[in-house]
Amino acid sequence: MNNFTFQNPVKILFGKGQIAKISDQLPADSKILLTYGGGSIFKNGIYDQVKEAVKGFQILEFGGIEANPKYETLMKAVAICKEEKIDFLLAVGGGSVIDGTKFIAAAVCFDEADPWHILAKHAKITKALPLGTVLTLPATGSEMNAGSVVSRIETQEKLAFGSPLVMPQFSVLDPEVIFSLPDRQVANGVVDAFVHVMEQYLTYPVNAPLQDRMAEGILHTLIEEGPKVLANRTDYDSAANFMWSATMALNGLIAVGVPQDWGTHMIGHELTAYHGIDHAQTLAIVLPGMMDLKRQSKEAKILQYGERIWGITAGTTDERIDSAIAKTVEFFELMGIKTKLPDYGVPAETIAKIADRFEQRGFKVGEHADIGPEEITEILQSRL
Ligand code: NZQ
Ligand code: ZN
């Protein structure tokens, strides 16, 4: 096992009715900006629950944070925070609202240069506004991690940053928020969480059996509970199991002491940047191609995954790897997510544009940092 340092300070309030407890978590006398997305919180009653819970606090609101949050929109909230001297941010939404709010938190306190440098140049963040979240869509793990992904319309870029300073002080995880999710977002959430586990698990063995079994435990739970949530949105127990799985998939715990890949995410982000495809859909396209191309360097872990997750024990090494890839695709499709580029109308020319971007950036991705423009071209061509 590799050396590691681990700290996760996010307080989780999990379960039915926990939104009502927010007021105990908010700093007294603070001026709060409540951030939200396109308005789902008004239809499903989450807005009313939050407003009831924060009665007595000074609250301003900022709505309209898009899926794949836009830098241009977030900078409007940054201006409001400065003008109104906001001292706490309360994000009510999915990964996009939470990620957007993390960027707002950092950008408000970033006076050294253009805030875009936080994303484009990984400029160091030395302070940020404190924030809390009410999660409405289990998927990204953003509610319990330090990451944020922001898109810029002007340049068609989608870039990430991370800082412990933007980790939420608290996150409310009430599984009942899932009851109002459309099928597409349930599918996205399950598949995003699944691929988060794969990025931290499907690399090469470093003799870390606990991390492996925790990762496999999350995969099994998603495979069991995901279809149940899809079939019956008001099954509270399945909703709770799905929600906690998604948080555990990317709160840092299964990543400790093991190599990580993240190549599928890096390539997937470009598909969203150019074509607006949902984040999880991009992962379902890329991952099978990544597994196929990296069948040698990932061999031991793909075989372990095939055997422990899908019960694949017979056949040659290549046959077992093919079956593991086929089972993965089958699961994504069972959840309702298609896995080929033409399913989303992506033309072959996009492949060269994406490869070119990686060429310009000049770094390679993957656990061995050996996936560059040529490999990316190969992966995406296999998904045509
Ligand atoms: O905007 P509203 O009206 O709220 O509607 C949203 C949005 O249209 C809707 N929704 C959310 N909760 C709902 C609901 N509809 C009905 N009932 C509810 N309870 O769902 C739609 C999608 O929301 P979004 O927040 O975009 O989805 P998700 O949570 O999948 O977040 C995706 C974003 O997170 C980034 C992705 O790249 C993408 O930009 N990621 C963030 C990560 C992180 N911070 O660690 C890691 C991930 O790998 C990912 O990259
Ligand atoms: Zn993801």
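Start by selecting Lys301 and Tyr201. Lys301 lies over the face of Tyr201, 4.8 Å from the centre of the ring. Keep in mind that this is a predicted model.

Now look for a second arrangement of this kind. Select Lys16 and Tyr236. The charged end of Lys16 sits over the Tyr236 ring, at 4.4 Å from its centre.

**Ring pairs**

Switch to the aromatic side chains. How many aromatic pairs does a search of the whole structure find? The search finds 11. Select Tyr36 and Phe42. Their ring centres are 5.1 Å apart and their planes stand at 90 degrees, so this pair is edge-to-face. The cut-off for that label is an angle over 60 degrees. Now colour the two by accessibility. Tyr36 counts as buried, because its relative accessibility is 13%. Phe42 has 40% relative accessibility, so Phe42 counts as partly exposed.

Next, select Phe194 and Phe331. Here the ring centres are 5.3 Å apart and the planes are at 40 degrees, so the pair is tilted. Which helices hold the two rings? Phe194 belongs to helix α7, residues 183-201. Phe331 belongs to helix α13, residues 317-334. The pair links distant parts of the chain, with the two positions 137 residues apart. Are these two rings buried or exposed? Phe194 is buried, at 0% relative accessibility. Phe331 is buried too, with a relative accessible area of 4%.

One more aromatic stop. Select Tyr71, Phe103, Trp116 and Phe161 together. Ring pairs link these four residues into a cluster.

**Around ligand 1**

Centre the view on ligand 1 and show the residues around it. There are 33 of them. Which come nearest? They are Gly38, Ser40, Gly95, Ser96 and Asp99.

Now pick out three side chains, one at a time.

- Asp99: a polar atom of its side chain lies 2.7 Å from a nitrogen atom of ligand 1.
- Asn68: an N or O atom in its side chain is 3.1 Å from an oxygen atom of the ligand.
- His269: a polar side-chain atom lies 3.3 Å from an oxygen atom of ligand 1.

Turn on a surface. On its own, ligand 1 has 960 Å² of accessible area, and the protein covers 88% of it. Next, colour by secondary structure. Four elements give two or more residues each to the shell: α5 (95-108), β6 (147-152), α7 and α10 (263-275). Helix α7 is also the home of Phe194. Then colour the shell by residue class. The shell divides into 21 polar, 9 nonpolar and 3 charged residues.

**Two backbone stops**

Select Asn207. This residue is not a glycine, yet its phi is positive, at about 55 degrees. Asn207 is in the loop between α7 and α8 (209-231). With a relative accessible area of 63%, Asn207 is exposed.

Move on to Trp262. Its phi is also positive, about 70 degrees, and Trp262 is not a glycine either. Look for it in the loop between α9 (236-249) and α10.

**Last stop**

Select Gln360, in helix α14, residues 349-361. Is Gln360 buried or exposed? Gln360 counts as exposed, because its relative accessibility is 62%. Finish by adding Asn251 and drawing a line between the two C-alpha atoms. The line spans 31 Å. In sequence, Gln360 and Asn251 are 109 residues apart.

Definitions and conventions:
Residues numbered from 1 in each chain as written. Chains lettered and ligands numbered in written order. Predicted model: local features only at pLDDT ≥ 70, side-chain atom pairs only at ≥ 80, totals over all residues. Heavy atoms only, no water. Phe/Tyr/Trp six-rings, centres within 6.5 Å; stacked < 30°, edge-to-face > 60°. Buried < 20%, exposed > 50% of the residue type's maximum accessible area, 1.4 Å probe, protein only. Lys NZ or Arg CZ within 6 Å of the ring centre and 35° of its normal. Near = heavy atom within 4 Å. Polar contact = N/O pair within 3.5 Å; in protein donor to acceptor, adjacent residues only side chain to side chain. Areas by Shrake-Rupley, 256 points an atom, 1.4 Å probe, with all protein chains shown as cover. Nonpolar A, V, L, I, M, F, W, Y, C, P; charged D, E, K, R; others polar.
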